[in-house]
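Hi,

Here is the structure I said I would pass on. Have a look at it first, and my notes follow underneath.

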Amino acid sequence: MRRIFTLILTLMFLCACNKLAVEPDIKSVVTSDTVLVDLTILSTVTPSNIIQGQNIISNVRCFGSNLCYNFAKFEVLETSPRQFEIKAKSTYPTGRDIGCFDAIYYKDTTFEINTPASGQYVLKFLNNNQIFKTDIVQVD
């Protein structure tokens, strides 16, 4: 019995150490391309006053219509000094045979912006190029 156990243990050790070095094919890892699309913003919570030098941090809740959405970033456009238009962006697969689970995708995240100067900062959160909500922050 002891010899059988030693033989099995030795074979397992040899098999574990004798692995082939196979690199994955990039095409098999990436099954489809993705595009950047808008997520819908449901809510934002932004402080109304902060001290100069602190960052403005907004808590943002977004959603997509199915589970193929995956939050990627915020797209920010400074339209004039201290005025910003903000969109939530998501990756979305473009392949034909993509099956997406029919459940709402929610993402709770934060948006952060520097405040190098004092004054009034205007954050316009957009859904489909329409203003969803405007948050105004006074930086003292």
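Let's start at Lys87. Leaving out residues up to four places away in sequence, Lys87 touches Asp38, Lys73, Phe74, Glu75, Leu126 and Asn129. Before you read too much into any of this, keep in mind that the model is predicted.

Lys87 sits in strand β6. What caught my eye is that Lys87 is buried yet has no salt bridge. Which side chain of opposite charge is nearest to Lys87? That would be Glu75, at 4.3 Å, and a salt bridge needs the side-chain nitrogen and a carboxyl oxygen within 4 Å, so this pair does not count as one. Lys87 does have a polar partner, though: its side chain and that of Asn129 are joined by a polar contact of 2.4 Å.

Ser90 is another residue of strand β6. Buried or exposed, you may ask of Ser90? Ser90 is buried, with a relative accessible area of 0%. A polar atom of the Ser90 side chain lies 2.8 Å from the backbone nitrogen of Asn70. Asn70 also turns up among the contacts of Ser90 beyond four places in sequence, together with Val35, Leu36, Val37, Leu39, Tyr69, Phe71 and Ala72.

Next, the nonpolar side of things. The largest nonpolar core has 20 residues, and Phe111 and Leu123 are the ones that touch the most other members. Strands β4, β5, β6, β7, β8 (119-127) and β9 (130-139) each supply at least two residues of this core. If you click on Phe111 and skip its neighbours within four places in sequence, you will find Leu123 among its contacts, along with Ile56, Ile57, Ser58, Val60, Phe74, Val76, Ile86 and Phe125.

Last, the cysteines. How many disulfides does a search of the whole structure find? One: Cys68 pairs with Cys100, with the sulfur atoms 1.9 Å apart. The link between Cys68 and Cys100 is left-handed, with -100° about the S-S bond. Cys68 is in the loop between β4 (56-64) and β5 (70-80), while Cys100 is in the loop between β6 (83-93) and β7 (105-113), so the disulfide ties together parts that are 32 residues apart in sequence. Cys68 counts as buried at 15% relative accessibility, whereas Cys100 is partly exposed at 22%. Cys62 counts as buried too, at 0% relative accessibility.

Cheers

Methods
Residues are numbered from 1 along each chain as its sequence is written. This is a predicted model: local features need pLDDT of at least 70, side-chain atom pairs count only at pLDDT 80 or more; totals for chains, interfaces and linings use all residues. Side-chain values use heavy atoms; hydrogens and water are left out. A disulfide is a pair of cysteine sulfur atoms within 2.5 Å. Helices (H or I, at least four residues) and strands (E, at least two) are DSSP runs, numbered from the N terminus. Buried means under 20% relative accessible area, exposed over 50%, partly exposed in between (1.4 Å probe, protein chains only). Lys and Arg count as positive and Asp and Glu as negative; His and the chain ends are not counted. A polar contact is a pair of N or O atoms within 3.5 Å; within protein, one must be able to donate a hydrogen and the other to accept it, and residues adjacent in sequence count only if both atoms are side-chain atoms. Contact means heavy atoms within 4.5 Å. A nonpolar core is a set of buried Ala, Val, Leu, Ile, Met, Phe, Trp, Tyr and Cys residues joined through side-chain atoms within 4.5 Å.
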